[in-house]
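Reader: I'd like a close look at one part of this one, please. Could you pick a strand, walk me through its surroundings, and then carry on to the main pocket?

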Amino acid sequence: MKHEFSNKLMYFCTSLLDLIFPRNEFFIGEPIERTAPRGCYLDFGSFIYLKRIKEPVCSICGYPIYGATDGSASCEKCRYLDPVFEGNRSFLLMNRYGSKIVHELKYRRGKYLKEDFLSLMRNSWVIDTLEKGSVLVPVPLHPKKFSQRGFNQSEWIAQRLVEISPVPVTLENLILRKKFTATQTLMDRSARARNVKGAFSIRKKRALPAETPLIIVDDVFTTGATINECARVLKKAGFRNIRSITFGHG
């Protein structure tokens, strides 16, 4: 009864705030439709702008594969990756709209988009790939970058995954970023690999069995260089079951 009253009070307060201070839709900047879910800044029409990834996908990087496949095909992007991890899955393709959401979170502390992130992840097949007992390992920021940004967007995304996972999973910061690296936005594949080489190390070893399913979490999969380097550190520490999930795929 108390919980029901609390929900009704929250709904009333949110509706009142929407009436006085209407939320603006994230992409077009106009007042959002009242039918949009509470706390969201994307209305139902906004989702047509986003390119959600559907199966079949590349068995390595998770990029969509168009045409018939037996589920084990890899894409052209992965020809030179030589992955240490077992495979990646992503929620969205990074078109201009997906990129705008990630940019808002990453560079403008857009944590107010939490309900939109939750909705996009909750309604994806990727969430069902989470294995019971998995440990989510966010890609770490260097302390200098963390102090500049104020939070780690990869850890924030991992926290959302824990929140909506259909099976029990946990989050562990198993990796440290020991080297300050330049932004990789304009780097090609080989430059990215050089940039992150030796950038990570394992934290003081936790009491986790070697067969524990580990899932590296990052905001965007572009070439896989960062995830591969993180996986290399985890594998060196003795872990054997390593894959990754990212919100976007570039």
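Author: Sure, and keep in mind that this is a predicted model. Let's start with strand E3 and its partner E7, which covers residues 214–221: the two run parallel and are joined by four bridges. Within that pairing, Val137 sits opposite Ile216 of E7. E3 also has a parallel link to strand E4, residues 170–171, this time through two bridges. There, Leu136 is the residue that faces Leu171 in E4.

Now for the side chains of E3 itself, which spans residues 135–138. Val135 and Val137 are on one side, Leu136 and Pro138 are on the other, and all four are buried, so both faces of the strand are covered.

E7 takes us on to the largest pocket, whose volume is about 700 Å³. E7 is among the elements that give two or more residues to the pocket's lining, along with helices H2 (96–108), H4 (143–149), H5 (153–164) and H7 (225–236). H2 makes the largest contribution, with five residues.

In total, 30 residues line this pocket. Nearest its centre you'll find Lys106, Tyr107, Thr185, Arg192 and Asp219. If you're wondering about the chemistry of the lining, it is a mix: eleven residues are nonpolar, twelve are polar and seven are charged.

So the walk goes from E3, with its buried residues on both sides, across four bridges to E7, and from E7 to the lining of the largest pocket.

Terms used. Residues numbered from 1 in each chain as written. Predicted model: local features only at pLDDT ≥ 70, side-chain atom pairs only at ≥ 80, totals over all residues. Heavy atoms only, no water. Buried < 20%, exposed > 50% of the residue type's maximum accessible area, 1.4 Å probe, protein only. Pairing = 2+ DSSP bridges. 1 Å grid on protein atoms, 1.4 Å probe; cavity = no way out; pocket = protein on both sides within 12 Å on 5 of 7 lines; lining within 4 Å. Points joined across faces, edges and corners; volume = space filled by probe spheres on them. Nonpolar A, V, L, I, M, F, W, Y, C, P; charged D, E, K, R; others polar.
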